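Subject: Structure handover

Hello,

Here is the structure I promised to send over. Please open it before reading on.

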There are 2 protein chains.
Amino acid sequence: MALRHAVLAALLDGEYSGYQLAKIFDVSLSNFWYAVPQQLYAELAKLEREGLISGRQVIQRDRPNKRLFTVTDAGLAELATFAATPSKPSSIREDLLVMVQAVDRLDPAPVIAQLEERAVTAAAKVEIFDRMLQRLRGDLDEETFLREGDRIGPYLTCLRGRRFEQENRDWCDQAAALLRARAPLSG
Amino acid sequence: MALRHAVLAALLDGEYSGYQLAKIFDVSLSNFWYAVPQQLYAELAKLEREGLISGRQVIQRDRPNKRLFTVTDAGLAELATFAATPSKPSSIREDLLVMVQAVDRLDPAPVIAQLEERAVTAAAKVEIFDRMLQRLRGDLDEETFLREGDRIGPYLTCLRGRRFEQENRDWCDQAAALLRARAPLSG
DNA sequence: CAGACCATGTAAAACGTTACATGATTCG
DNA sequence: CGAATCATGTAACGTTTTACATGGTCTG
């Protein structure tokens, strides 16, 4: 029961449709939770049935109509309960790490290739996060924004995402370089 | 179908029982994958049925008997296929981040408390990882080990785990301090 | 003698992923 | 005119989590 809280948290930013939420929760760049569109449509329906969010139809001329959702008082209360419940750390589950764990007993070439690829995509994500951070803090510098800005929640999660991808990039680079140096004939 | 590969990768280190694997895959400190014991027993049975691992009974006097498993040639081939298959990055799904995302609209006190707690457990994990790294590299220094040691796979994944927890700690500390400074009456 | 550790499982429920399904509009 | 974007779902399948179940030894 965690997606529900992630959806509620996302809707604190303002009204969103399922489709818009799907972009926020996209694999490629979710700074606090990840989910595919199908999950979101299902969860939104459920949350509305339970009265934690309420939707309103928006008729559009040029595009298909959509439904925008906002958090109700009951939804906010649900979030408060969630925030007061002790949470367990989510643990590592990453295919690429499994491959690296086994790399000594396998042909390292495909693993090296994937590490190098991942380093590039991680670097790209770092840049996207940087732009997101800039947009969030407006014309304030980071220190000032964090001290005085409103809504620092999204900024903080974005910072975490940025650092994670930076570490990811550095580690992938290091691992790829090392494996390459040790197996100069492959790759 | 990824747990199977994680189990195979873990068994490259040597023979293990389900119980021993459970400790390697434990929530509190898995450097490349996480799984609960029940998953492991089920997966081991499946892998054995498919001939990717083979188990042998070990009779013990003082303790319950156990079964130790090793990877077969077919298992190694399966791992090789896996390593050559492009992998998708695993994305963020962390309750604590959801709470921080929403913190501006909630009572920050319980969130701050959780951040501070998490910082402590993350710091503890960093130390455990440091000891694991020391053990893995023996009396070599890191640079030498990474250049010349055998089985650097586990070392690299451990390094990744360490850095992740370090970042986690730093971020939790920063976020907690900031939220505390902004809401001096709570917590 | 209580609690932790060793050791292995079954079963049900919850959750997440993948495939399928539809249809309009805008951009190159 | 094909691809991308907007917009919303259903159904089947696979994976993970949680609860239940058992029983011996070792440590304080």
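My notes on the two chains, an annotated span and one loop residue follow.

This is a predicted model, where local features need pLDDT of at least 70, side-chain atom pairs count only at pLDDT 80 or more, and totals for chains, interfaces and linings use all residues. Residues are numbered from 1 along each chain as written, chains are lettered from A and ligands numbered from 1 in the order written, and side-chain values use heavy atoms, without hydrogens and water.

Symmetry. A turn of 180° and a shift of 0.0 Å along the axis lay chain B on chain A, with an RMSD of 0.1 Å (least squares on C-alpha atoms of residues with pLDDT of at least 70 in both copies). That is the relation of a two-fold axis. In chain B, the C-alpha of Phe164(B) is nearest the axis, at 3.6 Å. Of the interface residues of chain B, 100% are also interface residues in chain A, so the copies meet through the same surface.

Annotation. An unreviewed UniProt entry lists residues 92-180 of chain A as "domain: Transcription regulator PadR C-terminal"; such annotations may be inferred rather than shown by experiment. The span is 81% helix and 0% strand (DSSP runs: helices H or I, at least four residues; strands E, at least two). Its end C-alpha atoms lie 25 Å apart.

Loop residue. Gln60(B) sits between strand 1 (53-58) and strand 2 (66-71) of chain B. Gln60(B) is partly exposed because its relative accessibility is 24% (buried is under 20%, exposed over 50%, partly exposed in between; 1.4 Å probe, protein chains only). Its side chain reaches the backbone oxygen of Pro64(B) at 2.8 Å.

Best wishes

Terms used. A polar contact is a pair of N or O atoms within 3.5 Å; within protein, one must be able to donate a hydrogen and the other to accept it, and residues adjacent in sequence count only if both atoms are side-chain atoms. Contact means heavy atoms within 4.5 Å.
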